[in-house]
Amino acid sequence: MMLILGIETSCDETGVAIVENGRRILANEVASQIPLHARFGGVVPELASRAHLRVIAPLLRSALARAQCSLDQIDAVAVTAGPGLVGSLLVGVSFAKSLAYVGRKPLIPVHHLEGHIYANIIVDDRLRFPFVALVASGGHTDLIECRESFKYRILGRTRDDAAGEAFDKVAKMLGLGYPGGPVIERLAAQGNRRAFAFPRPMLSDSRLDFSFSGLKTAVLYCFDDLRKTGDVSERIPDIAAGFQAAIADVLAEKARRAVVDTRAKQLALAGGVMANRALREAIRERAGCEVFAPPIDLTLDNAAMIASAGYYRYIGGHLADMTLNASPNLRLSDN
Ligand code: KG4
Ligand code: ZN
């Protein structure tokens with residue numbers, strides 16, 4: 001039996017988790033900083049690092065209590081080394097390094113997106129390499145061929161905004177607060193997705209890249225036009241529904257093509273944007289293969305996914321030493 005402590009601090013969620021043998025979650029503590037950043041309409045990096053620093057030790061204590069184990073019983077420490085906000089990553093990396101050093105435990109560096117992908121492996125052991133992963137979060141929108149453990153090929157990625165960034169920016173424009181994804185999903189459910197015809201960027205392009213910044217601008221122009229002619233508030237659910245439908249079409253179609261191109265039999269959905277049920281459904285309908293998606297709490301940033309990926313990295317002998325540093329631009333293939 002192997003107990004891995006996972007630590008995640010890449011953005012605005014502090015996570016500490018304890019996972020047994022890569023798949024059995026004994027504790028998965030998450031402290032969200034949403035209230036801290038909400039009034040600024042987005043994550044303020046300096047505030048994020050300080051908040052991680054404040055909560056990380058208490059979070060470790062509560063994870064150990066929930067898992068009913070002591071630090072001595074932990075076999076190895078896995079931590080998100082990147083990508084993410086450098087100050088935030090540094091808090092987790094330094095904390096993990098001190099725990100590993102003091103307890104003489106192996107230190108395992110994990111790529112944040114790899115963690116998101118492994119959230120699927122925690123919940124369903126039917127997922128088998130090779131498969132395609134669609135990772136859509138606040139910072140990334142990537143289609144990745146996962147060929148075997150820790151062997152990735154990027155099939156396509158966004159050329160400008162990430163899908164989650166588009167949700168957040170559109171929500172901010174519409175005055176809906178931060179983060180944008182959940183509130184747009186809720187409003188979209190009450191709106192008519194066909195009321196506005198928003199563009200489907202890059203849909204006719206045969207490559208597997210994405211672009212969401214033009215869609216965001218189209219929503220802005222539409223919103224501004226409506227505002228000139230009167231009360232716009234009752235049209236917001238329609239705008240949200242139209243915007244979400246455009247994202248759904250693009251993600252579903254590109255994921256379908258990625259599956260065809262790679263002849264994959266399975267598609268794994270990962271990252272915070274994939275918490276969106278309407279998007280999941282749209283992708284499921286069109287994928288043409290078996291589709292996997294973690295439960296919502298494992299889709300959003302958490303440390304159980306880091307501990308899980310860390311377990312498999314440990315088995316594969318991918319360890320770090322005390323020179324490990326935060327890598328804000330870490331690429332999957334570098335790892
Ligand atoms: O993976 P994640 O928790 O953090 C990053 O690694 O970025 O993803 C956060 C992103 C945010 O942009 C947030 O608005 C988006 O995921 N998100 C959603 C939903 N829940 C969170 N987007 C669409 N629909 C949702 N229900
Ligand atoms: Zn994430």
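**Group meeting: the shell around ligand 1**

Hi everyone, let's start with what surrounds ligand 1: by class, the shell has 11 polar, five nonpolar and three charged residues. One thing to keep in mind throughout is that this is a predicted model.

In total, 19 residues surround ligand 1, and the closest are Gly138, Asp168, Glu185, Gly272 and Asp301.

Let me go through a few of the contacts. Take Gly138 to begin with: one of its backbone N or O atoms is 2.8 Å from an oxygen atom of ligand 1. Gly164 also takes part through its backbone, with a polar atom 3.1 Å from an oxygen atom of the ligand. With Asp168 we move to a side chain, where an N or O atom lies 2.7 Å from a ligand oxygen. As for burial, ligand 1 on its own would expose 550 Å², and 90% of that is buried by the protein.

So where does the ligand sit in the fold? The space that ligand 1 takes up is the largest pocket. Domain 1, made of 3–117 + 298–334, and domain 2, 130–294, both contribute residues to the shell, so the ligand lies between them.

Which helices each supply at least two residues of that shell? They are α4 (112–123), α5 (163–173) and α6 (180–188). Of the elements involved, α6 gives the most, with four residues.

Now, before I finish, some backbone details that you may like to look up on the screen. There is a cis peptide bond from Gly82 to Pro83, with omega near -10°. Pro83 is in the loop that runs between β4 (76–82) and α3 (86–103). Another cis peptide bond joins Phe129 and Pro130, and there omega is about -5°. You'll find Pro130 in the loop between α4 and β6 (131–136); α4 is also one of the helices we just met in the shell around ligand 1.

And one last residue: Asn21 has a positive phi, near 50°, although it is a residue other than glycine. Asn21 is placed in the loop between β2 (13–20) and β3 (24–32).

To take away: ligand 1 lies between domain 1 and domain 2, in the largest pocket, with 90% of its exposed area buried by the protein. Thanks, everyone!

Methods
Residues numbered from 1 in each chain as written. Chains lettered and ligands numbered in written order. Predicted model: local features only at pLDDT ≥ 70, side-chain atom pairs only at ≥ 80, totals over all residues. Heavy atoms only, no water. Near = heavy atom within 4 Å. Polar contact = N/O pair within 3.5 Å; in protein donor to acceptor, adjacent residues only side chain to side chain. Areas by Shrake-Rupley, 256 points an atom, 1.4 Å probe, with all protein chains shown as cover. 1 Å grid on protein atoms, 1.4 Å probe; cavity = no way out; pocket = protein on both sides within 12 Å on 5 of 7 lines; lining within 4 Å. Sits in = over half its atoms within 2 Å of the grid points. Nonpolar A, V, L, I, M, F, W, Y, C, P; charged D, E, K, R; others polar. Domains from an automatic or database assignment.
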